[in-house]
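Subject: Structure for you to look at

Hello,

Here is the structure I said I would pass on. Please open it first, then read the notes below beside it.

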Amino acid sequence: MNLLFIGDVVGKSGCDFIRKNLFKIKKEYDIDITIANGENSAPGNGITKASADELLSCGVDIITTGNHAFRRKEAMGIFDNPHIIRPANYPEGCIGHGYGIFDFGRFSLAVVNLMGTVYMEALDNPFAAADRILEEIDTPNIIVDFHAEASSEKKSMGHYLSGRVTAVLGTHTHVQTADEIILDGHTGYITDVGMTGPELSVLGVSTEDAIRKQRFKTPVFFRESTNPAFLNGVILQTDTKLGICTKITRLVIR
């Protein structure tokens, strides 16, 4: 299986870039399944039905999210869709699903979404949530999107799940890291996949707005940068019989 995981999609420019380029990317790299983190895909932050529908209609198979999953009121209804996942360690009773198991004919794939708690919201322990979920999953093919701030927490999760899942892919910080590796000959890992949106920006935000906020510490309305977009992602090659990642490759497309 060749799986493309696309880093945090930012706003209109990120969605537009995927709409214009995803088909040829999938064809060039012979992609079987595409997953994208879409928690920032709506204009102004968060995810909405419109931004989710655009990603799914462009060829994204599964959307993961993170700390902005419920930022927009209009997002509440979209988590009934099993192809749109929110972090599994939200409290019990929260709307939506923290993981999904998807049948692709020759094999099934589980996609798990977890959120870190270091420098982020005080959700349930993501390590304990991972243990609980793995007891419920009956496929060896398991992709984990770990949406977290601290690189130490991401590294810890990668090693904690090594040998137990196919890949642990970090999201949230919007800067692609150069530490892709296969842990213990089994689990693909990267600390952060990166972002898909305006490259000349501060995490997708207009540089002028971000600098003004950092320089003067006063309230600033963050606008999406109008500079050209790029795509950050990783391609995983896996053995679907064993659930092993055999190759992980960083992808940057301008």
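Which residue in β12 does Phe5 stand opposite? The residue is Val234. Please keep in mind throughout that this is a predicted model.

The strand β1

Phe5 belongs to strand β1, which covers residues 2–6 and has five of its five residues buried. Both faces of β1 are covered. Asn2, Leu4 and Ile6 lie on one side, while Leu3 and Phe5 lie on the other.

β1 pairs with two strands. With strand β12 (residues 229–239) the pairing is antiparallel and has five bridges. With strand β3 (residues 33–37) it is parallel, and four bridges join the two. On the β3 side, Phe5 stands opposite Ile35. In general, the strands of a sheet pair through backbone hydrogen bonds, in either a parallel or an antiparallel way.

β12 also pairs with β11, in the antiparallel sense and over two bridges. There, Gly197 has Phe230 of β12 as its bridge partner. Strand β11 (residues 195–198) in turn runs parallel to strand β2 (residues 8–9), with two bridges between them. Asp8 is partnered in β11 by Met195.

The open sheet

There is an open sheet of six strands, with mixed pairing and the order β5-β6-β7-β8-β10-β9. Its edge strands are β5 (99–103) and β9 (181–183), each of which pairs on one side only. From one strand to the next, the twist averages 25°. At the β9 edge, three bridges join β9 to strand β10 (residues 187–190), and the two run antiparallel. Ile182 stands opposite Gly188 in β10.

Two helices pack on this sheet. Helix α3 (residues 126–136) touches β5, β6 (108–115) and β7 (142–147), and its direction makes about 160° with that of β6. Helix α4 (residues 151–161) touches β6, β7, β8 (167–171), β9 and β10, and its direction makes about 170° with that of β8.

Which residues of α4 are buried? They are Glu153, Lys154, Met157, Gly158 and Leu161. Seen down the axis of α4, these buried residues fall within an arc of 140°, so they line one face of the helix. The general background is that an α-helix has 3.6 residues a turn, so residues three or four places apart point the same way. The cover over the buried residues of α4 includes β6, α3, β7, β8, β9 and β10. After α4 comes Gly163, which has a positive phi near 85°.

Pro126 is in helix α3. This proline is buried, with a relative accessible area of 1%. Apart from its neighbours within four places in sequence, Pro126 is in contact with several residues, among them Asn89, Leu114, Phe146, Glu153 and Met157. Two of these names, Glu153 and Met157, also appear among the buried residues of α4. Pro126 and Pro87 are 39 residues apart along the chain, and their C-alpha atoms are separated by 9.1 Å.

The helix α1

Helix α1 spans residues 11–28, which makes 18 residues. From its first C-alpha to its last it reaches 25 Å, close to the 26 Å expected at 1.5 Å a residue. Where is the kink in α1 centred? The kink, of about 50°, is centred on Asn21. Asn21 is also one of the buried residues of α1, a list that includes Gly11, Phe17, Ile18, Leu22 and Ile25. α1 is followed by Asp30, whose phi is positive, near 55°.

Two loop residues

Most residues other than glycine have a negative phi. Tyr119 is not a glycine, yet its phi is positive, about 65°. Tyr119 is found in the loop between β6 and α3. Is Tyr119 buried or exposed? At 72% relative accessibility, Tyr119 counts as exposed, because the cut-off for that word is over 50%.

Lys217 is a further residue other than glycine with a positive phi, near 60°. Lys217 sits in the loop between α5 (207–216) and β12. With a relative accessible area of 61%, Lys217 is exposed.

Regards

Technical notes. Residues numbered from 1 in each chain as written. Predicted model: local features only at pLDDT ≥ 70, side-chain atom pairs only at ≥ 80, totals over all residues. Heavy atoms only, no water. Pairing = 2+ DSSP bridges. Axes fitted to C-alpha atoms, helices over the stretch in contact; angles between N-to-C directions. Contact = heavy atoms within 4.5 Å. Buried < 20%, exposed > 50% of the residue type's maximum accessible area, 1.4 Å probe, protein only. Arc of directions from axis to C-beta. Expected span 1.5 Å × (residues − 1). Bend = angle between axes of the 7 residues up to and from the residue.
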